[in-house]
2 protein chains.
Amino acid sequence: MPYFISGVPADYKELIARTPEEFRKLNDVEIFTRHRVIDIDPERQRLRVVDLEGNREFTTEYTVLLVSTGAKAFVPPVDGVTLNGCFTLRKLSDSIAIKTYLRERKPRRAVIVGAGPIGMEMCESFRTIGLEVSVVEMAPQVMPMIDEDMAGEVQSRLELEGVNCMLGQGLEGIEGDSSGAARRVVTTGGNVECDIVLLGIGVRPSVDTAAAAGVQLGTRGAIKVDRMLRTNVPNIYAAGDCATTTHKLTGEETWIPLGSTSRKQGRLAADNMFGATLEFPGVQGTSVVKCFDLTVGRTGLNESGARDAGFEPVSITMEAETLHEYMPVRGNMALKLVADKATGRLLGAQVVGEMTALADKRLDILAVAIGAGLNANDVKYLDLAYAPPYSTAIDVPIIAGNLMTGKLYGKECSCGPHGLE
Amino acid sequence: MPYFISGVPADYKELIARTPEEFRKLNDVEIFTRHRVIDIDPERQRLRVVDLEGNREFTTEYTVLLVSTGAKAFVPPVDGVTLNGCFTLRKLSDSIAIKTYLRERKPRRAVIVGAGPIGMEMCESFRTIGLEVSVVEMAPQVMPMIDEDMAGEVQSRLELEGVNCMLGQGLEGIEGDSSGAARRVVTTGGNVECDIVLLGIGVRPSVDTAAAAGVQLGTRGAIKVDRMLRTNVPNIYAAGDCATTTHKLTGEETWIPLGSTSRKQGRLAADNMFGATLEFPGVQGTSVVKCFDLTVGRTGLNESGARDAGFEPVSITMEAETLHEYMPVRGNMALKLVADKATGRLLGAQVVGEMTALADKRLDILAVAIGAGLNANDVKYLDLAYAPPYSTAIDVPIIAGNLMTGKLYGKECSCGPHGLE
């Protein structure tokens, strides 16, 4: 949606993966849009539904029910969040509303509250269409999903692109003008004038109807499910952003709402609802965000997460060009790798790189290694595809393995004139 | 070197990873270029060495010896291979000789014998600088490293680029003109006129001096080593293209000479020669070649290789766009995945894709999964980094996992209007 707001695609319809008509025609599935389930009766396996257009209520029965109510944008309890020009960005309708506001009111100054993924994407989006942009973030760094030592480069890039970063500042409220339009964001560190405000400070699971029916909640208030995605209530499953899952590295219940996870869980829940007994293995929180020309991503645990989970983390940080010096188009990336001191097991990775460095794919390579339980020594010997148009003779993850084993086991790393290959 | 021949880089010196002077200065290592070891005496741990410039012989002692003599281009025993204008491409000096011949003789018509990696890269190189190109290949397909069903697209692309593919034809000889220059390649299927010939039909390990000293040879005549890269002779190690290794999937001794493997083995051998006890885990034959705008790669076993190794292979083939339809720059790729019917374990993958599809990195993701012993079900749930600039919500390897589990366990795959996501 941030890309749609700045023009790609031009038509919001391209963002709709499948329309109700396509569902009906291709999958023989009936979709009720603009309907809300207002009550689940688990005893009689009945739903009470409101047709939001006709205001008609009716009852329907289920044999098996999937709750896939997703998550909703968090709106902080401060003054001014309902002013005109103050938006969240979660639903397609949000992005259409923002686009309409941009077209009709022609705001010049944007304030983005929250320097997480949505905030970062919206920095690029708003700058692309020529707005002045300030970002207000409570943490002392941008992109709190990565460690502070990795986030510095992202902040520098934001500033290079003309974004005003207001870090370590909490939102106190938004003030409007006489027409009821947002004009000033008030923070613990001062005020900033604006014509449009985007609140990008996270989401909360949408669970009210399920919870009222006795469906048990778990961590972060998300619906508690087992590995088969069953809730505590017979014949009720939950999947996607409204549900908990297991963290592969900590073994703990976690809630990391991501579209990639939802897609996998949706398939699995459907199979199980029709008789299969598949188990979802959990997640490791792999995610990536494009911020101007930078790719920022992470997978697994960062240092503090590793410590919280009872590991003793060891980390290495490196920079590398991903192609040989003589290749015309190549890019630079930074990688941080975290491993467990006692076992050498890989716990997490973070990347910040230029788009041409394909840091997201190097992250994916490490994500598979981390998910498979590989250790630092295994990564030294990954058999990856090499030819000069694609990588250096040993690619970034392998170099990281060399550095990590050097740090873990006290060996020096031999460094040539071409860096850490 | 194929890229150097067509102009990138312009200077061959950029292809030298480290010069003797850099070795001396940075690593305190003395390099003797233009010297040949003509005898190894393992009893007295002595080498007899010839200085090829001064024709001086001398003797030197070793505490521990690494044989890293690499491989040499195979030249078939047919007439005409020593004619002017008939080349192999293995050493930097080969590429300089080809470049010199191109500049001085201005050949117009090239024949490449062998449609493997070097042959494919040289097709692009010779076409880039404007030569007419024919490829003679004994197999009925180009790129015998991938299965025939995947190779068809590569052949189509070659033909689109104006390359004349002469498949299923064996080399019988090369005929020259009165000046001793190659002018005609004679094959089992007919003759083809030419001004330059490139023999790209494989390499053989360089082992003569080591073998004469009693070093045992293994598969394909390469030096037999254990996982610590020790030969049968005390204090003699071997690494790289001259040595055998273990295939991770078959557990058998194998010989797959690749620069990426050599780099890893070189480090390991050096560590072990100085007291470490590291073990090289083996290879799975991951490789990639750029052929015009196509990326062609493989890892692990193909169907016939899997059958030879005692598996019952099941395979799926798919095509996918790697980004959502609304993203302006995206690419198409084909993927073939091979798994073991009994266990679901992944055995191999092959890709053919446009450069923008980053098929090599999707191959790497699967290479890590295959090397880690994952099965088809595990791949369905890989936690990969998703955002619209980088992939679809579930990326190609995951889609392949969905298709493979469908095929293995008899479930239908739900396909929407956007393909196999």
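The legends below describe close-up views of a predicted model with chains A and B.

**View 1. The contact between chain B and chain A.**
In this predicted model, 54 residues of chain B are in contact with 54 residues of chain A. The elements of chain B that each give two or more residues to the side touching chain A are the helices α2 (20-27), α7 (259-273) and α9 (359-371), together with the strands β18 (287-291) and β19 (294-300). Among these, α9(B) gives the most to that side of chain B, with nine residues. Sorted by class, the side of chain B that touches chain A has 32 nonpolar, 10 polar and 12 charged residues.

**View 2. The rotation axis that relates the two copies.**
A turn of 180°, with a shift of 0.0 Å along the axis, lays chain B on chain A with an RMSD of 0.0 Å. The two copies are therefore related as by a two-fold rotation axis. The same surface serves both copies, since 100% of the contact residues of chain B recur in chain A. Of the residues of chain B, I365(B) comes closest to the rotation axis, its C-alpha atom lying at 2.5 Å.

**View 3. The open sheet β10-β11-β12 of chain A.**
Three strands of chain A form an open sheet in the order β10-β11-β12, and the pairing is antiparallel. The edge strands are β10 (171-176) and β12 (190-193) of chain A, each of which pairs on one side only, and the twist from one strand to the next averages 20°. Five bridges join β10(A) to β11(A), and in this pair the bridge partner of L171(A) is T187(A) of β11(A). On the other side, strand β11 (residues 182-187) of chain A is joined to β12(A) by four bridges, again in the antiparallel sense, and here T187(A) stands opposite G190(A).

**View 4. Hairpins of chain A and chain B.**
The hairpin of β10(A) and β11(A) has five residues between the strands, and within this hairpin G180(A) takes a positive phi near 85°. The hairpin that joins β11(A) to β12(A) does so through two residues. In chain B, a hairpin likewise joins β11(B) to β12(B) through two residues, and four bridges link strand β11 (residues 182-187) of chain B to strand β12 (residues 190-193) of chain B, which run antiparallel. In β12(B), V192(B) is the bridge partner of V185(B).

**View 5. The open sheet β1-β2-β3 of chain B.**
An open sheet of chain B has three strands in the order β1-β2-β3, paired in the antiparallel sense. Because β1 (35-41) and β3 (56-61) of chain B stand at the edges, each with a single partner strand, one side of each is left without a neighbour in the sheet. Neighbouring strands of this sheet are turned by 25° against each other on average, direction ignored. Six bridges pair β1(B) with strand β2 (residues 46-51) of chain B, and H35(B) stands opposite D51(B) of β2(B).

**View 6. The two domains of chain A.**
Chain A is divided into domain 1 (73-203) and domain 2 (293-409), and the centres of these two domains, taken over C-alpha atoms, are separated by 32 Å. The contact takes nine residues from domain 1 of chain A and 10 residues from domain 2 of chain A. On the side of domain 1 of chain A that touches domain 2 of chain A, the residues divide into five nonpolar, no polar and four charged.

**View 7. Cis peptide bonds before P9 in chain A and chain B.**
The peptide bond from V8(A) to P9(A) is cis, with omega near -5°, and P9(A) is found in the loop between α1 (2-5) and α2 (20-27) of chain A. In chain B, a cis peptide bond joins V8(B) and P9(B), with omega about 0°, and P9(B) is found in the loop between α1 (2-5) and α2 of chain B.

**View 8. Residues of chain A with a positive phi, other than glycine.**
D28(A), which is not a glycine, has a positive phi of about 55° and lies in the loop between α2 and β1 (35-41) of chain A. D28(A) counts as exposed because it has 7 C-beta neighbours inside 10 Å. M143(A) also has a positive phi, near 50°, and its place is in the loop between β8 (132-137) and α5 (148-160) of chain A. With 28 C-beta neighbours inside 10 Å, M143(A) counts as buried, the cut-off for a buried residue being 20 or more.

Note on methods: Residues are numbered from 1 along each chain as its sequence is written. Chains are lettered from A and ligands numbered from 1 in the order in which they are written. This is a predicted model: local features need pLDDT of at least 70, side-chain atom pairs count only at pLDDT 80 or more; totals for chains, interfaces and linings use all residues. Two strands pair if DSSP finds at least two bridges between them. Axes are lines fitted to C-alpha atoms, for helices over the stretch in contact, and angles run from 0 to 180 degrees between N-to-C directions. Two residues are in contact if their C-beta atoms, placed from the backbone, lie within 7 Å. Ala, Val, Leu, Ile, Met, Phe, Trp, Tyr, Cys and Pro count as nonpolar, Asp, Glu, Lys and Arg as charged, and the others, Gly among them, as polar. Copies are superposed by least squares on the C-alpha atoms of residues with pLDDT of at least 70 in both. Domain bounds come from an automatic or database domain assignment. A residue is buried if 20 or more other C-beta atoms lie within 10 Å of its own, exposed if 12 or fewer, and partly exposed in between; C-beta atoms are placed from the backbone.
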